[in-house]
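Colleague: I've got a few questions about how you label things in this model. Can we go through them one by one?

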Amino acid sequence: MTDPVYALLHRLQRDLESLPGCDLRITTVAASAKVAERLEEALGRKPPRGLVALYQLWDGGKLGEGVKLLDLDTASARCRELVRGNGLKGLWPFLERGGRLIALDAEAAWDAEGEWPVVEIFDRTVDRVGTTLLRFLSVLATELRMGASSPGELPALYEERSLRDPGFAEHWVDLADIQERFGKGPASQRTLELGMRAATPP
C-alpha cells in the first residue's frame, strides 16, 4: 500500500523540479536524522509526518519570487516569537509569501493521519488556508506554475487547486464561482456538490 505522505512528497518533488526560480537547500544526511527529534523539542509535541518528511528533504530556500520556505532554525525562532509577542501557541511557521506568514496549527489538528491544517497568521488570529502541509505546498506549486495564466485558463488553475487539496472547501467555492463567470452554470452546481462531499470540517 502506498504511503500517502511520501506519495504527496514525491509528487511535490516532481512539481518543484520544473518550477522556475525554485532553489531549495537539500538537508544533509546527518541533519536529516535529527529532524524529528529537533521538531519535537521545538514544538513540545510529536510533529506530523508530513512536516518531518519535508525537513528531512529540504531545509529552507526559495520556492519562487517572494516565496520562502523557512529553514528549521528560523521556523523554530518564529514559533517562539509568536508565543511571546502574539500569544499564539501551537503554530509552526514554515512559509513566507509576499509578507504573509503561513503556519501549521497543532491546536486545530483534526486529520485522521495526525497531519495539521495550514493557516495564515494575522496578528493574534489565524485563517485556515489548506488541509495539510504537503497538499498546501502542492497547490502553491500549481499557483506558481500557472499564476501568470491568461483569464481563459483560470478555470483550469482553480480545478487543479481543488484536485490537489480536495478537503479545502474554499477551493471548490472559488472553482464554482469562476465556472459561473464563464457561463458554465451546470458545471458550477456539480462543483459545489462535489465540494460538499469532499471538503473536511473547518
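Modeller: Sure, we'll take salt bridges and then strands. Residues are numbered from 1 along each chain as its sequence is written. This is a predicted model, where local features need pLDDT of at least 70, side-chain atom pairs count only at pLDDT 80 or more, and totals for chains, interfaces and linings use all residues, while side-chain values use heavy atoms, with hydrogens and water left out.

Colleague: Why is the pair Glu160 and Arg11 called a salt bridge?

Modeller: A salt bridge is a side-chain nitrogen of Lys or Arg within 4 Å of a carboxyl oxygen of Asp or Glu. The closest N and O atoms of Glu160 and Arg11 are 3.5 Å apart, so the pair meets that rule. By this rule the count comes to 14 salt bridges.

Colleague: What makes Glu160 and Arg11 a link between distant parts of the chain?

Modeller: Glu160 sits in helix α7 (residues 154-164) and Arg11 in helix α1 (residues 4-17), 149 residues apart. Helices and strands here are DSSP runs, numbered from the N terminus: H or I with at least four residues for a helix, E with at least two for a strand.

Colleague: Why is Arg11 called partly exposed?

Modeller: Buried means under 20% relative accessible area, exposed means over 50%, and partly exposed is in between (1.4 Å probe, protein chains only). Arg11 has 33%, so the middle label applies.

Colleague: How do you know that Arg164 and Asp15 form a salt bridge?

Modeller: Their side chains meet at 2.5 Å, N to O, and that is within the cut-off. This pair also links distant parts of the chain, with Arg164 in α7 and Asp15 in α1, 149 residues apart. Arg164 and Asp15 are both buried. Arg11, Asp15, Glu160 and Arg164 are linked in a network of salt bridges.

Colleague: What else is buried in α7, and what do the buried residues pack against?

Modeller: Among the buried residues of α7 are Pro155, Leu157 and Tyr158. The buried residues of α7 pack against α1, α6 and α8 (169-181).

Colleague: Take Arg97 and Glu143: how are the two side chains labelled, buried or partly exposed?

Modeller: Arg97 has a relative accessible area of 24%, so it's partly exposed. Glu143 has 18%, so it counts as buried. The two form a salt bridge, with the closest N and O atoms 3.0 Å apart. Arg97 is in strand β4 (residues 91-97) and Glu143 in helix α6 (residues 133-146), 46 residues apart.

Colleague: On to strands. Why is β2 called largely enclosed?

Modeller: In strand β2 (residues 58-64), 5 of the 7 residues are buried, so the rest of the structure largely encloses the strand.

Colleague: What makes β1 and β2 a pair?

Modeller: Two strands pair if DSSP finds at least two bridges between them. Strand β1 (residues 23-26) and β2 have 3 bridges, in the antiparallel sense, so they qualify. Asp23 has Lys62 in β2 as its bridge partner. β2 also pairs with strand β3 (residues 67-69), again antiparallel over 3 bridges.

Colleague: Why does Gly61 count as buried?

Modeller: Gly61 has 9% relative accessibility, which is under 20%, so it's buried. Gly61 lies in β2. Leaving out residues up to four places away in sequence, Gly61 touches Asp23, Leu24, Arg25, Val67, Lys68 and Leu69, where contact means heavy atoms within 4.5 Å. The C-alpha atoms of Gly61 and Asp23 are separated by 5.8 Å, though the two are 38 residues apart along the chain.
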